[in-house]
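This briefing reviews the architecture of one protein chain for readers at the bench. Please consult the sequence and the structure shown here before reading the points that follow.

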Amino acid sequence: MHQPALHPDQDDGAAVLRSALRDAPDEWALFLDIDGTLVDIAEQPHDVRVAASLPQDLARLADRLGGALALVTGRRVDWIDAHFGPHLFPAAGLHGVERRRASGELDRAGLAPSLNALRKDLGRRTARMPGVLLEDKVAAVALHYRQAPEREPDVRAMMEMALKVMGDGWVLQHGKMVVELRPASANKGTALEAFLTEPPFAGRRPVAIGDDVTDEEMFRVVNACGGLSVRICETEAPTLARARLASPQALRDLVAELGA
Ligand SMILES: O=P(O)(O)OC[C@H]1O[C@H](O[C@H]2O[C@H](CO)[C@@H](O)[C@H](O)[C@H]2O)[C@H](O)[C@@H](O)[C@@H]1O
Ligand SMILES: [Mg+2]
């Protein structure tokens, strides 16, 4: 797949987003990634800080969009609620594998007993690898190497083996200094498509904002149906997104502005 690099000077995402979401809020649906997009990247998954005003700003913007705002993330939906509550946003977790509709109905990921043994084995191995962190996502598992970048080849090799153990129906999801093993049943693009068939998203044009390879599936869907794709990136990055924002802070400022 050819992915042209998005140049830092290319298409100002803020201007594009303002003219869509402020001028025609009834026409658009907004899909937002979390890590690296709404919140700054931190050394470890549990170190992230959700800005105190962000959940309320998002809830106000969701209100302006008639509720057509969803969080689409690699995190679990339970994690989203713990960090973005009390408002329960429509959400896709585990890269689309679990999904809560605007109605509140939640499709959870099925639990695979074989993952438990595998998780224990990965835990034993990574205990001997300082700086490599196992993130237990219940229906998925992630190995982070941000604090030990030299371990990337070992992490990749371990996860390739883990994928073989789990077999069909599972995929490796690469991300920022992380490799995740998750069910292959969905991705962020299919989750976005599913939202677009339901109220209040149906009939609206999608806007997707993300920062990572997992968000490219959303960008593909959005581009195909005449929506807006925006990548958070400070430098050039190969991407399908057609506009850019410089940082999560730039997006948070915009969310506050558009919701006010
Ligand atoms: O889809 P996202 O909302 O972007 O979530 C992707 C993964 O984000 C988290 O890991 C990433 O962020 C951590 C905190 O900033 C960082 O330490 C790590 O290096 C990044 O890979 C999260 O831990 C994963 O579960 C998400 O899938
Ligand atoms: Mg992200």
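In this predicted model, V207 stands opposite L228 of strand 12. The pairing between strand 11 (residues 205–210) and strand 12 (residues 228–232) is parallel and comprises 4 bridges.

**Sheet**
- Strands 11 and 12 belong to an open sheet of 8 strands, ordered 6-5-4-3-2-11-12-14, in which the pairing is mixed.
- At the edges lie strand 6 (106–107) and strand 14 (243–245), each of which pairs on one side only.
- Helix 3 (residues 77–84) packs on this sheet, where it touches strand 3 (69–72), strand 4 (91–93), strand 5 (98–100) and strand 6.
- The direction of helix 3 makes about 125° with that of strand 4.

**Helix pair**
- Helix 4 (residues 113–127) packs with helix 5 (residues 152–166) at an angle of about 160°, and their axes are 11 Å apart.
- Because angles over 145 degrees count as roughly antiparallel, helix 4 is roughly antiparallel to helix 5.
- The crossing of helix 4 with helix 5 is right-handed.
- Helix 4 contributes S114, L115, L118, L122 and R125, which meet M158, A162, V165 and M166 of helix 5.
- By class, this contact has 7 nonpolar, 1 polar and 1 charged residues.

**Domains**
- The chain is divided into domain 1 (5–109 + 186–259) and domain 2 (113–183).
- The centres of domain 1 and domain 2, taken over C-alpha atoms, are separated by 26 Å.
- Domain 1 supplies 14 residues to the contact, and domain 2 supplies 16 residues.
- On the side of domain 1 that touches domain 2, there are 6 nonpolar, 5 polar and 3 charged residues.

Definitions and conventions: Residues numbered from 1 in each chain as written. Chains lettered and ligands numbered in written order. Predicted model: local features only at pLDDT ≥ 70, side-chain atom pairs only at ≥ 80, totals over all residues. Domains from an automatic or database assignment. Contact = placed C-beta atoms within 7 Å. Nonpolar A, V, L, I, M, F, W, Y, C, P; charged D, E, K, R; others polar. Pairing = 2+ DSSP bridges. Helix = DSSP H or I, 4+ residues; strand = E, 2+ residues; numbered from the N terminus. Axes fitted to C-alpha atoms, helices over the stretch in contact; angles between N-to-C directions. Parallel < 35°, antiparallel > 145°, perpendicular 65-115°, else oblique. Left-handed = near helix turned anticlockwise from the far one by under 90°.
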